[in-house]
Amino acid sequence: MSASQGLACLLAMRLIGVAAPAAAPTAGGEIPLRPEALRFAPLVPEVPDPGPLRHLVAGGAPVYVLEDHALPLVNVTVQLRAGAFLDPPGQDGLAALTATLVRLGGTAQHPAAELEESIGALAARLGSSADDGFATVSLDCLSSRLDESLDLLFEMLAKPAFDAAPLEAEKRRMVSVMATRNDDPLRILDREWRWLLYGRGHVVARYPTAPEIAPIARQDLVAFHARYWVPANMVLAVSGDVDTRAVLARLAARFAAFEGRGRPAPWPPPLPRHRPVPGLYSVDVASPQAQVAIGHLGLAWNGHWNDRGRYAASVAQQVLGGGGFASRLMRRLRTETGLVYGVSSALDIGVLWPEPFEIRFAADPANAGRAVTLALEEVRRLRDTRVSDEELETAKNLLLMQLADTFGSARKTAATLALDETLGRPHASWRDARDHLLAVTAEEVQAAAQQVLRPEEALVLVVGSWSRVAAAGALPPLSHHPLPLRDPLTLPPAP
Amino acid sequence: MAGLLSGRAQAAVQTGLDVEVLRLDNGMTFLLVDRPAGASVAAGWVARVGSADDPAGQTGLAHFLEHVMFKGTRTIGTTDGRREAELERQEEETAESLRRLRGEAAGGGADGARQSQELQDRLLQIAGQRRLLQVPDEYDRIYSRAGATGINAFTTADLTAYFLSLPANRLELWFWMESDRLLDPVFRDFATERQVIAEERRQGESTPTGPFADQLEALFWQAHPYRWPRLGWPADVETLTPQDAVRHFRAWYGPGNLTAVLVGRFDRARVRELAKRYFGRLPPVAEPRRVSAREPEQRAETRLLADCNCAPQLEMRYHAVPFLHADAAALEVLAGLLDGRAGRLYQGLVLGPRLASAGSAALSPLARAGWFAVRLQAAEAVPLERLEQCWAEVLRPLQQEPVADRELARVKSSLMAEGFRQLEDPFALMVRLLTDAGQGDWHALEEQPQRLAAVTAEDVLRVARTYFRPENRTVALFRRLPPAAGAARP
């Protein structure tokens with residue numbers, strides 16, 4: 001891309017976001033009696049055209065570049081299909097260890113300690129991690145030191161040394177974190193909740209154990225890296241103070257360090273097969289608060305990127321508990337009754353697998369049962385009655401602003417477009433999202449709530465002092481299943 | 001490093017911010033930072049009052065006030081502000097009558113009991129009438145309907161900040177709403193909010209070391225009101241009334257004690273006009289008088305020994321310096337030498353001899369004092385006493401000889417680059433400016449590169465010797481409880 005194209009791109013960025021025609025401004029000196037008298041144009045987020053932003057580096061990977069010269073900073077993010085779903089049986093944690101040691105384990109040219117010194121001397125920040133689906137390596141540097149910083153980044157990507165000392169230190173750190181698994185009731189809730197929804201075999205609910213981590217050796221990381229950390233598995237996002245053409249040339253030169261493109265990882269990851277069993281589950285631990293999750297498995301896109309019903313479901317959950325104090329759960333459980341400090345619901349529509357519909361809060365154990373009952377009442381009310389015009393407008397505007405924020409800066413835009421490609425999500429889905437959100441009606445929201453939010457299938461998990469929760473009563477009449485507190489290092493199978 | 005950020009980059013830190021300062025006639029200050037590429041504006045304001053300014057016996061008042069500031073005004077949150085004001089007056093009179101009666105009638109007999117019951121019934125009746133007029137959460141609902149996000153606030157020991165992000169073309173709504181709640185707030189739902197704050201406290205106490213957080217503060221500070229819990233002591237919070245909140249608001253929320261920050265896409269001329277029109281309405285008030293607390297010198301080490309459901313760990317907390325103190329930059333550099341993957345704690349204790357599983361160091365400068373904390377988590381089977389020795393071994397060379405130029409350069413350049421990165425995100429920049437303004441001077445962010453650049457190895461040696469004395473610290477040791485004591489198994 002030429003410098004002039006780069007400028008065009010930058011100018012385009014300034015138009016991205018919420019179209020902001022001047023509001024009907026008040027005349028000087030005039031203050032209306034109520035804020036509703038201030039009139040504003042509707043929110044219609046702009047969605048970028050990814051075409052001119054995508055490039056293919058010879059011998060390398062797709063690269064999205066967005067120039068932004070406001071500060072002399074550059075971000076380069078590499079996304080790889082190298083997540084935990086690729087952990088071999090019995091080696092849970094290998095993908096995460098590999099990603100972490102790409103950063104901490106030194107390179108062929110720089111032993112670990114020397115690499116740290118070099119990164120520090122460049123005032124750069126480099127990170128590497130893996131989640132369930134993919135791994136991410138991120139470089140933040142000064143544009144004046146981009147060349148040297150890219151050298152280090154590509155040394156890490158192509159020639160990691162996986163030095164023994166940092167590998168052992170990281171394994172010890174992982175085990176020490178495992179040892180604290182039961183220290184915080186919220187972490188117990190997170191773990192048991194995922195097991196209840198996804199079963200223990202699916203990647204979303206797999207937790208490495210100390211016996212699994214112990215035998216993982218350098219050669220395991222070398223093999224995992226050689227198999228999956230290859231250009232065929234990578235998508236790059238570059239943003240900041242760069243010239244597009246120049247940075248592409250720099251990347252192409254460095255991709256030469258890889259021997260061949262490698263083979264793509266199997267994709268998409270497997271879907272969960274577990275069928276959650278509705279009921280009331282509890283883990284008995286002493287704590288001033290009971291942690292609570294309520295819900296069931298929710299939705300995945302499954303290729304239905306243009307399905308209005310899924311957007312209507314998002315609006316429904318926004319009304320229920322996604323909108324802070326403007327949501328029904330917050331009003332009922334905090335403002336009206338003071339039972340909780342915070343409550344929220346979530347219904348992300350999964351790209352790789354179904355995400356949960358869930359409500360979460362913490363409460364005094366004596367109030368937990370009542371709060372569960374009230375939360376389920378709100379779910380039923382959303383199914384049984386039409387949302388108000390105010391609620392509909394609020395939920396839609398908040399979702400539209402989230403969408404605008406997705407493209408709110410050069411860094412966010414580049415990362416989002418790269419992630420589309422990593423996950424297999426069409427770029428066009430963003431435009432669909434905006435158009436459907438603008439068009440969704442209250443009737444569609446109610447229909448979606450009836451279809452997607454199913455209180456009769458709900459699981460309720462309570463982690464806290466069960467005797468105090470049970471003594472207060474007010475829990476919904478569900479079959480009760482006490483769960484054991486598990487050994488934090490070995491997580492023995494549930495009985 | 002000197003060269004790394006001394007040219008273009010450092011200049012950009014100085015000029016890239018480009019803060020316009022607007023001061024209204026009533027004393028309120030506005031800081032304006034353009035970010036034309038975005039679609040929104042991060043907007044907030046800060047009052048220079050925090051938990052350390054709570055009146056004695058009323059700890060938690062600044063934080064409680066922050067909560068009820070979201071309850072609306074004479075216009076927002078009610079269907080009839082005038083009627084509600086009348087009911088509020090009747091409520092105060094009735095409550096006062098009840099207080100008098102209780103004061104007089106230690107043995108008032110049947111007559112006193114009957115009168116007391118009548119007054120209590122009347123209070124309940126008024127509360128019911130007030131509730132009928134309320135529009136719950138209307139403040140948040142108006143903003144959310146306009147697409148505003150991140151509507152929130154926080155209270156620290158020194159300041160209380162209120163902020164959000166909203167679509168750029170709706171900025172006038174922020175001027176309307178915020179000037180309205182500063183002009184005429186109504187502190188509704190006091191009793192319910194007290195329960196919410198109790199839950200907030202329980203939330204903190206549910207974390208592994210949370211139950212000991214207030215006790216550690218009270219141990220570390222001998223006399224300074226920084227020793228008071230941000231949420232207040234529960235017994236104090238029980239006694240707080242709406243009238244206390246009104247008094248605190250009137251004393252501390254005058255325009256001369258407020259700074260607003262806007263970062264995002266806006267027209268400066270229009271913002272200037274809106275600021276004058278909306279916030280110019282706030283009447284000036286006398287500058288509040290802050291208690292001039294000074295922490296006395298600590299003369300002997302203090303210790304907290306706690307058993308908890310947590311990894312064995314320790315915190316070494318040293319009295320250090322306040323925000324903007326001349327030694328703050330050298331102490332930040334010292335923290336940088338210790339902290340992070342390249343730092344001496346990780347390299348010396350985690351990576352090599354396997355004595356710790358994690359370590360960190362940070363300077364926490366408040367407006368009127370500050371502290372420096374080193375935290376270490378013990379590796380398996382390493383006793384906490386050994387970990388204490390480890391810290392002494394890491395500290396000793398820093399107190400004996402100047403740090404090498406190369407290491408110093410690495411830390412300084414990393415800290416300066418981090419300062420840069422704080423300018424990137426409009427919301428984070430807005431919160432940073434609010435915090436700095438609330439602590440005393442928003443210029444801190446601008447001046448940080450020069451302050452860091454000026455730090456020498458001798459400065460680091462000097463601060464390591466000055467502040468890191470055993471008698472100047474509190475040591476908190478957290479031992480893991482045996483499993484059966486911490487968790488009930490089914």
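**Notebook: a sheet in chain B, then the contacts**

I started at one pair of strands in this predicted model. Strand 7 of chain B runs parallel to strand 11 (residues 473-480) of chain B, and 7 bridges join them. I picked out one residue pair there. Cys308(B) has Arg480(B) as its bridge partner in strand 11 of chain B.

Next I traced the whole sheet. It is open, has 5 strands and follows the order 7-11-8-10-9 in chain B. The pairing is mixed. I noted the edges: strand 7 (302-308) and strand 9 (356-365) of chain B each pair on one side only. From one strand to the next, the twist averages 15 degrees.

I then looked for a helix over this sheet. Helix 14 (residues 384-400) of chain B lies across strand 8 (313-319), strand 9, strand 10 (370-378) and strand 11 of chain B. Against strand 10 of chain B, helix 14 runs at about 130 degrees.

I looked up the domains of chain B. The assignment gives domain 1 (16-78 + 136-279), domain 2 (81-133) and domain 3 (302-482). The C-alpha centres of domain 1 and domain 3 of chain B are 29 Å apart. Their contact takes 31 residues from domain 1 of chain B and 29 residues from domain 3 of chain B. On the domain 1 side I counted classes: 18 nonpolar, 10 polar and 3 charged residues.

Last, I checked where chain A meets chain B. The contact takes 79 residues from chain A and 73 residues from chain B. Helix 13 (residues 389-406) of chain A gives the largest share of the chain A side, 8 residues. That side divides into 43 nonpolar, 19 polar and 17 charged residues.

Terms used. Residues are numbered from 1 along each chain as its sequence is written. Chains are lettered from A and ligands numbered from 1 in the order in which they are written. This is a predicted model: local features need pLDDT of at least 70, side-chain atom pairs count only at pLDDT 80 or more; totals for chains, interfaces and linings use all residues. Two strands pair if DSSP finds at least two bridges between them. Helices (H or I, at least four residues) and strands (E, at least two) are DSSP runs, numbered from the N terminus. Axes are lines fitted to C-alpha atoms, for helices over the stretch in contact, and angles run from 0 to 180 degrees between N-to-C directions. Two residues are in contact if their C-beta atoms, placed from the backbone, lie within 7 Å. Ala, Val, Leu, Ile, Met, Phe, Trp, Tyr, Cys and Pro count as nonpolar, Asp, Glu, Lys and Arg as charged, and the others, Gly among them, as polar. Domain bounds come from an automatic or database domain assignment.
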